[in-house]
Amino acid sequence: MPTTHRSTATTHTALTHPLAALVGADQHVPLVTGGTVRYANLDIAASAPALQAVADRVAEFLPYYSSVHRGAGYASAVSTAAYETARRSIGAFVGARADDVVQVVRHTTDALNLLASAVPGDVVHLDVEHHANLLPWQGLGDRARAVTARETVALTLAAVEAELARTPAALLAVTGASNVTGEILPLADLVEIAHRHGARIAIDGAQLVPHHRVHLERLGVDYLAFSGHKLYAPYGAGVLVGRRDWLDAAPPYLAGGGAVRSVTVDHTTWAPVPARHEAGTPNVVGAVALAAACEAIAALPDSELRLHEEGLRDRLLGALEALDGVRTLQLWRGEVEAIGVVTFTVDGHSAELVAQYLSAEHGVGVRDGRFCAHPLLARLNDGRTAVRASLGLGSTADDVDRLACGIAELVAHGPAWTYDGEGRPSPDPRPLPAWVTETGAGTACA
Ligand code: PLP
């Protein structure tokens with residue numbers, strides 16, 4: 001069994017800083033066995049709840065909500081200024097250089113597709129990436145080159161370096177933190193390797209940015225992509241931050257209003273970035289929300305955040321690894337830094353059943369599946385699905401203990417309720433809120 005980094009943190013309580021307060025922190029959910037329990041949200045890596053500070057900023061902004069870059073009214077002026085202020089705040093949060101561009105997009109997937117449309121040469125990436133940092137490059141055909149991740153971080157870095165040395169590439173694209181194992185590759189080393197071989201580097205920061213501070217200028221990272229909904233700002237915006245020149249030279253990501261300098265019936269002169277890639281009405285609420293999240297997180301003490309999360313991660317790993325038949329997944333051997341994501345399997349029970357059981361009988365929300373990382377799950381679990389618990393600002397020792405006790409009970413006695421062939425509780429007496437009419441069962445990103 002490989003070992004990951006274990007912190008010596010001793011604090012396991014919830015973060016009490018007012019800026020860490022989350023909307024819905026005391027949400028109660030029904031159990032199949034009757035009654036309700038406080039929801040233990042251990043699915044933060046998929047989509048994080050809104051920070052209260054974000055919801056407050058959105059509420060403050062909404063009375064002014066109006067068109068951006070288009071209107072003469074006072075509300076339009078406020079909306080335009082709010083949008084551009086948000087761009088600046090987001091750039092400051094990630095240490096963007098003065099001449100970098102902050103492109104407001106929908107999410108990380110959008111950001112990396114935009115970058116793929118602009119990259120002027122070959123792209124090197126690992127074979128174990130999230131689909132968002134894999135499929136956009138696959139779409140480039142033989143300009144994309146996948147490097148097989150090796151058994152240690154050092155060997156993986158050496159393999160990346162060998163590939164870049166063998167044939168030059170324009171871009172090295174890597175995931176900042178794995179959404180499956182939480183493991184983090186050393187960014188500074190990757191930057192050095194990429195630059196030594198004349199490549200730029202793009203980081204898929206979807207999982208990294210909510211947990212670790214990233215400073216583009218200090219680290220030398222050329223591009224960073226991340227999503228508002230994973231950074232406690234679930235209002236539909238994400239960003240691509242980085243070097244301007246490739247994006248200025250690229251064809252507009254979407255053709256339409258707002259992205260142009262002038263248009264005749266048969267010819268268009270496109271605007272430079274960021275407008276060039278932001279055709280259509282911008283998501284100003286999403287941008288304002290994302291900027292508010294960046295400001296709130298920047299004001300939180302970084303070391304407290306890390307200790308909080310590392311302590312909880314160690315607690316969870318320790319509890320799960322002590323159980324017979326429970327296996328946690330890791331990619332690299334040895335001490336590897338990681339964010340608060342732990343993926344595991346339970347012998348004799350499908351991942352689907354384990355996840356449904358935790359929700360139905362313990363009020364614990366986790367994710368099961370292959371986490372939009374099919375090649376990685378093929379490597380770590382023969383392509384079978386697994387269960388992921390992920391921690392964040394609002395996570396508590398009680399959440400972790402509830403999950404661990406639930407799994408211990410499952411291992412010892414099996415579930416108390418009955419489940420159908422797909423692992424769903426049957427019957428399922430839990431009511432949905434009155435205004436929700438469809439069950440919404442589905443596997444959009446299995
Ligand atoms: N990259 C990683 C590592 C992720 O975990 C995710 C989402 O889970 C993405 C990219 C895609 O993020 P989004 O769905 O916000 O585009």
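Where is the place of Pro274? Keep that one in mind; it comes back in Exercise 1.

You're looking at a predicted model, with residues numbered from 1 along each chain as its sequence is written. Local features need pLDDT of at least 70 and side-chain atom pairs count only at pLDDT 80 or more, while totals for chains, interfaces and linings use all residues, and side-chain values use heavy atoms, with hydrogens and water left out.

**Exercise 1. Place Pro274 and Pro427, and describe the peptide bond before each.**

Step 1. Pro274 sits in the loop between strand 12 (267–270) and helix 9. Helices (H or I, at least four residues) and strands (E, at least two) are DSSP runs, numbered from the N terminus.

Step 2. Look at the bond from Val273 to Pro274: it is cis, with omega near 0°.

Step 3. Now go to Pro427, in the segment after helix 13 (397–413). Ser426 and Pro427 are joined by a cis peptide bond as well, with omega about 0°.

**Exercise 2. Check the span of helix 9 and find out how enclosed it is.**

Step 1. Helix 9 covers residues 284–299, which is 16 residues. The expected span is 1.5 Å times one less than the number of residues.

Step 2. That rule gives 22 Å, and the end C-alpha atoms are 23 Å apart, which agrees.

Step 3. Next, burial: buried means under 20% relative accessible area, exposed over 50%, and partly exposed in between (1.4 Å probe, protein chains only). In helix 9, 13 of the 16 residues are buried, so the helix is largely enclosed by the rest of the structure.

**Exercise 3. Trace the strands around strand 8 and say which way they run.**

Step 1. Start with strand 7 (residues 171–175), which pairs with strand 8 in the parallel sense over five bridges. Two strands pair if DSSP finds at least two bridges between them. Leu171 has Arg200 as its bridge partner in strand 8.

Step 2. Follow the chain from strand 7 through helix 6 (residues 187–196) to strand 8, and you get a right-handed β-α-β crossover. Right-handed means that, with the strands pointing away from the viewer, the path from the first strand over the helix to the second runs clockwise.

Step 3. On to strand 9 (residues 223–227), which runs parallel to strand 8 and is joined to it by three bridges. Here Ala202 stands opposite Tyr223, and Asp204 opposite Ala225.

Step 4. Strand 9 and strand 10 (residues 238–242) run antiparallel, with five bridges. Ser227 faces Gly238 in that pairing.

Step 5. How many residues of strand 8 (residues 200–204) are buried? Five of the five, so strand 8 is largely enclosed by the rest of the structure. Both of its faces are covered, with Arg200, Ala202 and Asp204 on one side and Ile201 and Ile203 on the other.

Step 6. Strand 9 also has five of its five residues buried, so it too is largely enclosed. Tyr223, Ala225 and Ser227 point one way, and Leu224 and Phe226 the other way.

**Exercise 4. Find two residues with a positive phi that are not glycines.**

Step 1. Try the loop between strand 9 and strand 10, where you'll find Tyr232. Its phi is about 65°, and at 2% relative accessibility Tyr232 counts as buried.

Step 2. Then try Cys372, in the loop between strand 16 (367–369) and helix 12 (374–381). Phi of Cys372 is near 55°, and at 7% relative accessibility Cys372 counts as buried.

**Exercise 5. Describe the surroundings of Thr328.**

Step 1. Thr328 lies in strand 13 (residues 326–328). Thr328 is buried, with a relative accessible area of 5%.

Step 2. Its side chain makes a polar contact of 3.0 Å with that of Glu321 and another of 3.5 Å with that of Gln330. A polar contact is a pair of N or O atoms within 3.5 Å; within protein, one must be able to donate a hydrogen and the other to accept it, and residues adjacent in sequence count only if both atoms are side-chain atoms.

**Exercise 6. Decide whether Ser303 is buried or exposed, and place it relative to His212.**

Step 1. Ser303 is found in helix 10 (residues 302–321). At 53% relative accessibility, Ser303 counts as exposed.

Step 2. Ser303 and His212 are 91 residues apart along the chain, and their C-alpha atoms are separated by 9.9 Å.
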